[in-house]
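Biologist: I should like to go through this model with you and ask what each term rests on. Please set each value against its definition.

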Amino acid sequence: KDFRNNVKPNWCPGCGDFSVQAAIQRAAANAGVVPEELAVVSGIGCSGRISGYINSYGLHGIHGRALPIAQGVKMANRELTVIASGGDGDGFAIGMGHTVHAIRRNIDVTYIVMDNQIYGLTKGQTSPRSEMGFKTKSTPAGSIESSLNVMEMALTAGASFVAQSFSSDLKELTSLIEKGIEHKGFSLINVFSPCVTFNKVNTYDWFKENLTSLSTIEDYNPSSRMQAMNTLMEHDGLVTGLIYQDKDKPSYEALVNGFKEEALATQDINLEKEQFDKLTAEFM
Ligand code: SF4
């Protein structure tokens, strides 16, 4: 089925987010999902517009809160494939608390972060992913804070699926999102998605020169957390591919006590008080 709609994205020409949109649409189709089974929830930022550009259920939420909303959607109707999306400021600054807890909770949501190392929507301030020394309007003398290595953070938080890609590599990005959708648990996919308007340092050419594909590392084994961590440290986080996957870690949904077979969203809502109390007690 076609995940395209007739809304024209208003991203700047050349923005990396176009590829992420295309990759989500292709990956969902490849995974056998149909539009009425997909929900895309986004936060605030240029990337947050993405939920309006995909033919699916969509919710453009509030800053840093894509994950709480996406988790609520999944809990209410676990038959939906749920994708949360946003930028690095959205997910790794104001939304960082939600990111860490969604990771350790291992709820079955695919979280795609469009990481451009800057705040694009507000016209170019330093983000948690900006390198030390990075000059922006908010740091004219250069940032005095170090960049957050989100992939290492995800591994230490207990992530069961960690991947990283680049907007220029649509094939790999599509494949990783498809794997994330199929993964039974929380999947974090960080995408280097250049902001061509405000970030003149981390450009397409810069990434091409500095990224290392895991496919070029002999005997790389994504089921080894130790190797994943060592590789990230050796390459300063600048790797692409499936970094780590633990297929055996149970998802949150699999562990919720007394989770009914039928999704909440499809249950009869005309309940007597006694029935309502019984239903809500299952989530205590
Ligand atoms: Fe993309 Fe940057 Fe333009 Fe925003 S400002 S749409 S992130 S290129």
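Modeller: The cover over the buried residues of helix H2 (66–76) includes strand E1 (38–42), E2, E3, H3, H4 and E4. This is a predicted model, in which local features need pLDDT of at least 70, side-chain atom pairs count only at pLDDT 80 or more, and totals for chains, interfaces and linings use all residues. Residues are numbered from 1 along each chain as its sequence is written. Helices (H or I, at least four residues) and strands (E, at least two) are DSSP runs, numbered from the N terminus.

Biologist: Which residues of H2 are called buried, and what makes a residue buried?

Modeller: A residue is buried if 20 or more other C-beta atoms lie within 10 Å of its own, exposed if 12 or fewer, and partly exposed in between, with C-beta atoms placed from the backbone. Ala 66, Leu 67, Ile 69, Ala 70, Gln 71, Val 73 and Lys 74 of H2 are buried.

Biologist: Why are the buried residues of H4 said to lie on the same side?

Modeller: In helix H4 (residues 96–105), the buried residues are His 98, Thr 99, Ala 102 and Ile 103. They lie on the same side of H4 because they cover an arc of only 130 degrees around the axis, the arc being that of the directions from the helix axis to the C-beta atoms.

Biologist: How are H2 and H4 packed, and at what angle?

Modeller: Their axes are 8 Å apart and make an angle of about 35 degrees; axes are lines fitted to C-alpha atoms, for helices over the stretch in contact, and angles run from 0 to 180 degrees between N-to-C directions. Leu 67, Pro 68 and Gln 71 of H2 make the contact with His 98, Thr 99 and Ala 102 of H4, where contact requires C-beta atoms, placed from the backbone, within 7 Å.

Biologist: What makes E3 and E4 a pair?

Modeller: Two strands pair if DSSP finds at least two bridges between them. Strand E3 (residues 81–87) and strand E4 (residues 110–115) run parallel and are joined by 5 bridges, so they satisfy the definition of a pair. Gly 86 has Val 113 in E4 as its bridge partner.

Biologist: What is the order of the sheet, and which are the edge strands?

Modeller: The open sheet has 8 strands in the order E2-E1-E3-E4-E8-E7-E10-E9, with mixed pairing. Strand E2 (57–60) and strand E9 (212–213) are the edge strands, since each pairs on one side only.

Definitions and conventions: Contact = placed C-beta atoms within 7 Å.
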